[in-house]
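Colleague: I would like a close look at the inside of this model. Please describe how its buried part is put together, and then set a few places elsewhere in the chain beside it.

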Amino acid sequence: MALEEYKRKRNFQKTPEPEGKVAPKREERFFCVQKHLASHLHYDFRLEHNGVLLSWAVPKGPSLDPKTKRLAMHVEDHPVAYGEFEGVIPEGYGAGIVMLWDRGTWTPEVDDVEAALKKGDLKFTLNGYKLKGSWVLVKTGGRYAGARGGGDRSWLLIKHRDDWAGDLDITEFAPRSVKSDGDFEDILAEDTPAVWQSHRPAKGGDAGAMLAQIIERAAALKAGKAAGAKGKRATEVKKKGATTATGGSRKSSNQPTASKRKTARRSP
Ligand code: MN
C-alpha cells in the first residue's frame, strides 16, 4: 500500500531499481484468550493477523511451564470485534458462556507470519494481563490425528523459557474475566440463568456438572441482587453483605501479583 506511488513512477522491466515490497513489520497486534464453557470447557486463543483473529481452541488452556505442551486445535478465523466479546451464547454453535480471560498485544518474533504459519512454527511475544513473554505455536504434523477429528488442525501451544515462565497454574490462579472481573456465574447472572434450566449445551460429564453448578450460583447471585435492590429487610441486606465478602476474596486472587508469581517476574 505504502509503495503505490513508488511503483507507479517506475517500470521495473526497464529499471534496475528494486520493485520491493512493504517489509512485514514485527508490530504489536491484538490478542485475546476467551474461556469458553460449551459442550466442553476450553480456552480460545486468538491472534490478530491480516484483519482477522487467527484462532486455536486450547482444551486445557495455556501453561506457563515450558515442559507442558498444550494441544491447540486450529479453528476458523474470527472477526477482530469478537475479541472483546463476553457473554452468553444461548443456543446453536458454541452455545455456552464466553469469558474474556486475557487480552493484550502480541508481537511476531519472525518477519513473515504467513510463512511461519505455513511452516507450522510461529514464535511470538505476548503482552497480556496474565500471559506474557515468549511463546510458540507448533504444528504437530498429525501426531494427534483422529484425536479430535483432523490431525492437520492440531498444534501445540508452548511457553518459552524466560522471566514469565514458571510452575504457577495460571488458569487456576487467575480464573476470572479481565473485562468484568466476573466468573462464569457472574456473566450468566447478567443474562437469564432460568432459561438454562430447560436447555443446557453441556448435559453430561465435567462440563455438564460445572454448568449445573454455575446455573445454580448465577440464579442465587441474581436473586441476591434483586433482594438487595429492593432493600427490604435487614436479613436480606446481611445476606447480600456475605455474598459480597465472598466475591471480594475471589476477586483479589484474579490477577497475578509480583509477590505471588514466584518465577514469573516483571522485567523493568
Ligand atoms: Mn470456543
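**The nonpolar core and its surroundings**

Modeller: Of the chain's 268 residues, 29% count as buried. The model is predicted, so what follows describes computed coordinates. The secondary structure amounts to seven helices and nine strands. Among contacts with a separation of 6 or more, 59% link residues 24 or more positions apart.

The largest nonpolar core contains 41 residues, and W56, A72, L157 and L188 have the most contacts inside it. The element that contributes most to this core is strand 6 (residues 96–108), which supplies six residues. In soluble globular proteins, nonpolar side chains tend to be buried together.

L157 is a useful place to start. Leaving aside residues up to four places away in sequence, L157 touches F45, W56, V58, P62, R70, A72, W135 and L137. Two of these, W56 and A72, are also among the residues with the most contacts in the largest core. Apart from that core there is a second, separate one of five residues, including L64, W164, A165 and I170.

Strand pairing gives some of the background to the contacts of L157. Strand 4 (residues 70–79) runs antiparallel to strand 9 (residues 154–159), and four bridges join them. Within this pairing, R70 stands opposite L157 of strand 9, and R70 is also on the contact list of L157. Strand 4 has another antiparallel partner in strand 3 (residues 52–58), to which it is joined by five bridges. One pair in that arrangement is S55 with V75, the latter being the bridge partner in strand 4. Strand 4 is thus bridged to both strand 3 and strand 9.

V33 offers a second view of the interior. V33 belongs to strand 1 (residues 29–37). V33 counts as buried because it has 27 C-beta neighbours inside 10 Å, where the cut-off is 20 or more. Again leaving aside residues up to four places away, V33 touches Y43, D44, F45, P62, W101, D102 and L131. F45 and P62 appear in this list and in that of L157. V33 and G83 are 50 residues apart along the chain, yet their C-alpha atoms are separated by 8.2 Å.

Other places in the chain contrast with V33. Y6, in helix 1 (residues 4–8), counts as exposed because it has 12 C-beta neighbours inside 10 Å, and the cut-off for that class is 12 or fewer. From C-alpha to C-alpha, Y6 and G20 lie 9.4 Å apart, with a sequence separation of 14 residues.

Two loop residues are worth checking for their backbone angles. N50 sits in the loop between strand 2 (41–49) and strand 3. The phi of N50 is positive, about 50°, although N50 is not a glycine. N50 is classed as exposed because it has 9 C-beta neighbours inside 10 Å. D181 is in the loop between helix 3 (170–173) and helix 4 (184–190). Its phi is also positive, at about 65°, and D181 is not a glycine either. With 13 other C-beta atoms within 10 Å, D181 is partly exposed. V33, by comparison, is buried.

Methods:
Residues are numbered from 1 along each chain as its sequence is written. This is a predicted model: local features need pLDDT of at least 70, side-chain atom pairs count only at pLDDT 80 or more; totals for chains, interfaces and linings use all residues. A nonpolar core is a set of buried Ala, Val, Leu, Ile, Met, Phe, Trp, Tyr and Cys residues joined through C-beta atoms within 7 Å. Two residues are in contact if their C-beta atoms, placed from the backbone, lie within 7 Å. Two strands pair if DSSP finds at least two bridges between them.
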